[in-house]
Amino acid sequence: MKKALKKGIACTLGAAMIFSLTACGGSSGNGSEKGDGSKGENIEIRLTSRWGGEETLSKYFNQKIEEFNELDNGITIVADNVTDEQQYFDKLSSQFGAGTQPNVFINYGGTSIKDYIDGGVLLDLEPYFEEDPEWRDSFLPLFDNWQDGEATYGVPVMLYQILLYYNTDILSANGIEEPKTIEELEAACDKLVAAGITPFQLGESSNFRAGHLLNNLCYKAYGGDIADKLASREINYDSEEMLEMYAKIQEWNEKGYFGSNPLSVDNNGEKAAFLSGESAFRYDGAWFVGEITGTEVDGKVDVTAFPYFAEKEEYKACVQGGSGQGFSITDSGDEAVNDAAVEVVKYLTSKDYYAGLEKASNGGIYPVKFESDPETEIDDMTVKIKGIVDEAEEFHGDMQEIDPETHMLNTVRTALQGLFLDGTPESCGEEIVSQEEVK
Amino acid sequence: MVKKRKNLVWSIAFILPALSLLFVFLLYPVFEAVKLSFYKWTGIASAKPIFIGLENYKAVFQSPNFWLSMRNALFFMIGGFLILMPLAFLLAKIITSSIRGVKFFKVSYYLPVMLPVTAVGLIWVYMLQPDWGLVNSLLEKVGLSEWAMNWLGTPTLNVVSVVLVNEWIFAGFNMLIFAAGLVSIPQDVYESAKIDGASKFKTLIYITLPLMKESFKVFSVLCICGCLKTFDLMFAMTGGGPNHTSEVPATLLYTEAFSSKNFGRGNAIGVVILVLGMVLSIGLNKAMKSED
């Protein structure tokens with residue numbers, strides 16, 4: 001009797017284990033867990049972004065999500081924010097690989113979504129634009145990065161330009177004027193280094209920092225065509241043109257422009273150094289204005305366009321910027337869920353949303369046309385930034401955004417780190433070219 | 001005959017749950033990884049993988065980063081046998097001795113194992129920060145400022161730094177393996193040796209170490225496999241950088257798969273790690289068995 005009981009318990013436990021395994025698999029889809037929408041149940045929309053920090057933009061974004069969820073309109077946004085760029089994209093890759101991609105996600109468009117478009121996982125928004133042309137027309141004409149043939153796979157949510165922020169106290173104490181050209185910037189940095197002040201505390205542990213610098217130097221040296229030429233390999237990454245730019249970055253590092261250990265400082269460390277008044281310069285997007293408020297350098301920071309080469313004035317107005325980030329929607333295969341995801345994106349790109357963001361940030365530049373709230377107090381720096389943006393004639397994103405190979409963005413950025421070690425411009429170029437599959 | 005068959009059915013029923021787990025969570029993923037290593041796949045569930053034969057393996061073996069990652073894994077193994085093994089053995093001797101406060105030592109040596117590896121890694125990143133980190137600050141305070149270095153930003157030194165942190169974390173775990181071996185040696189063997197006039201050193205060499213052969217075997221297999229597939233600590237401390245200098249096979253796998261969206265090549269690296277781990281473990285087992 002005892003033996004039979006033992007066997008019975010063992011069998012039950014075994015069966016429980018096997019059944020629990022079957023519960024682990026089987027279901028697929030992209031995560032709209034609560035109901036399919038067609039039965040009038042609440043639809044959960046998973047939204048991933050990089051806006052999870054403490055800066056105004058992130059706080060406002062998450063506050064608006066909370067407000068949306070309080071509407072109780074049958075749609076709930078489940079936000080998943082990963083602030084670190086590399087970690088964000090790695091997480092996104094793993095979600096797409098496992099088929100658990102979010103319904104709505106932030107991306108840079110261009111090559112970064114090419115594989116997703118080819119894989120047929122993104123929702124074409126053209127039918128939704130036809131249904132609601134007012135929504136489409138509310139955007140500035142910034143859809144290029146998300147268009148593939150007749151289809152549109154995303155909407156811009158950010159308008160940016162890489163600018164040069166500087167600490168006015170440090171510059172005036174050292175008799176330095178706002179640098180307009182690269183040569184003036186170099187002279188300013190030399191002066192600061194001689195005075196024992198760190199010009200830029202580059203956070204190259206986050207490898208996009210040198211990547212952005214390379215973009216800006218290349219656009220100012222060769223114009224916007226350089227991105228197309230690199231993508232077609234007409235000019236390759238080991239060409240004389242590119243070697244010259246790598247050499248410039250390395251030279252600046254060796255002269256001490258980027259602080260003592262740029263590879264041991266990440267982007268947050270770089271920001272902290274600038275916002276605490278330890279470094280004089282920082283290049284960043286227009287959104288950085290919102291992060292200055294309330295810091296030690298509040299009121300001591302001014303901004304200018306990224307400097308240009310004095311001998312290449314024709315490329316002065318060619319800048320890194322444009323519609324830097326956009327929302328794309330993944331096709332869940334369920335019309336109700338897709339419609340709900342579009343509703344969420346409409347809400348987060350509405351005129352009201354941006355009017356509120358402008359008010360919260362005391363300014364900013366945005367990809368949507370809207371009327372400002374009368375109570376909005378636009379700060380002087382934002383006014384200046386608007387002027388700088390107006391002067392720009394050509395906007396281009398990361399040079400690798402239009403490269404036929406998805407990995408090139410990461411490959412170039414990683415190779416640039418070699419310039420801060422014992423690499424040479426030639427070895428940097430060779431490293432990039434050796435990983436190209438499209439020759 | 002009927003009883004025999006009945007027993008067989010029961011036996012199968014008993015091992016079925018374990019086999020199911022093994023199949024679902026180990027064999028099936030391994031099979032899928034091997035299969036995918038012959039394909040080019042961008043890592044999108046709906047995208048069709050394209051068969052490219054041995055191209056991924058060719059690319060992996062031709063990649064300088066792969067060989068660099070293997071060299072770095074070798075650093076982990078060298079560190080494991082030259083630092084971790086003696087250290088863990090020494091700690092095991094301490095906690096199995098009769099000195100005062102042995103309970104305190106047991107807990108404190110094991111404490112790093114209980115902490116999440118990523119958290120410990122990040123703590124060490126701050127401690128090793130070259131400008132304001134604790135390590136360099138201490139070195140400067142004691143007048144050894146020339147020893148202050150960019151621990152995680154200098155090629156090779158960054159790998160050695162992570163290896164040392166790894167030994168610090170896992171000394172406590174391996175201490176348990178050796179402690180289990182030490183306590184299983186019968187006391188009367190030591191008493192006989194004492195009567196025969198054996199010194200402490202001779203007792204260690206001729207009694208303790210030979211009788212702990214199984215413990216060393218377990219340690220060796222775990223060390224080799226662990227070093228080949230090490231990921232979390234390196235990823236948390238350096239992310240394989242800067243410029244791939246601290247890449248280990250698993251971080252390279254991750255970079256290929258998730259950053260470069262080259263899942264086929266990532267799987268090829270995974271298969272190489274698996275085969276190498278199996279070959280080394282079997283070889284080591286055979287070598288130690290032949291000595292028996």
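Here are a few questions and answers about this predicted model.

Local features need pLDDT of at least 70 and side-chain atom pairs count only at pLDDT 80 or more, while totals for chains, interfaces and linings use all residues. Residues are numbered from 1 along each chain as its sequence is written, and chains are lettered from A and ligands numbered from 1 in the order in which they are written.

User: Which residues touch the most other members of the largest nonpolar core?
Analyst: Happy to help! A nonpolar core is a set of buried Ala, Val, Leu, Ile, Met, Phe, Trp, Tyr and Cys residues joined through C-beta atoms within 7 Å; buried asks for 20 or more other C-beta atoms within 10 Å of a residue's own, with C-beta atoms placed from the backbone. Among the 117 residues of this core, the two are Leu163(A) and Val344(A).

User: Which residues, beyond four places in sequence, is Val344(A) in contact with?
Analyst: Contact means that C-beta atoms, placed from the backbone, lie within 7 Å. Leaving aside neighbours within four places, the partners of Val344(A) are Ile45(A), Leu47(A), Ile75(A), Ile77(A) and Val104(A).

User: Which helix gives the most to the side of chain A that touches chain B?
Analyst: Good one! The contact takes 34 residues from chain A and 31 residues from chain B. Helices here are DSSP runs (H or I, at least four residues), numbered from the N terminus. With seven residues, the answer is H1(A).

User: How much of chain B is buried?
Analyst: Chain B holds 13 helices and two strands (E, at least two residues). Of its 292 residues, the buried share is 35%.

Definitions and conventions
Buried ≥ 20, exposed ≤ 12 C-beta atoms within 10 Å, placed from the backbone. Contact = placed C-beta atoms within 7 Å.
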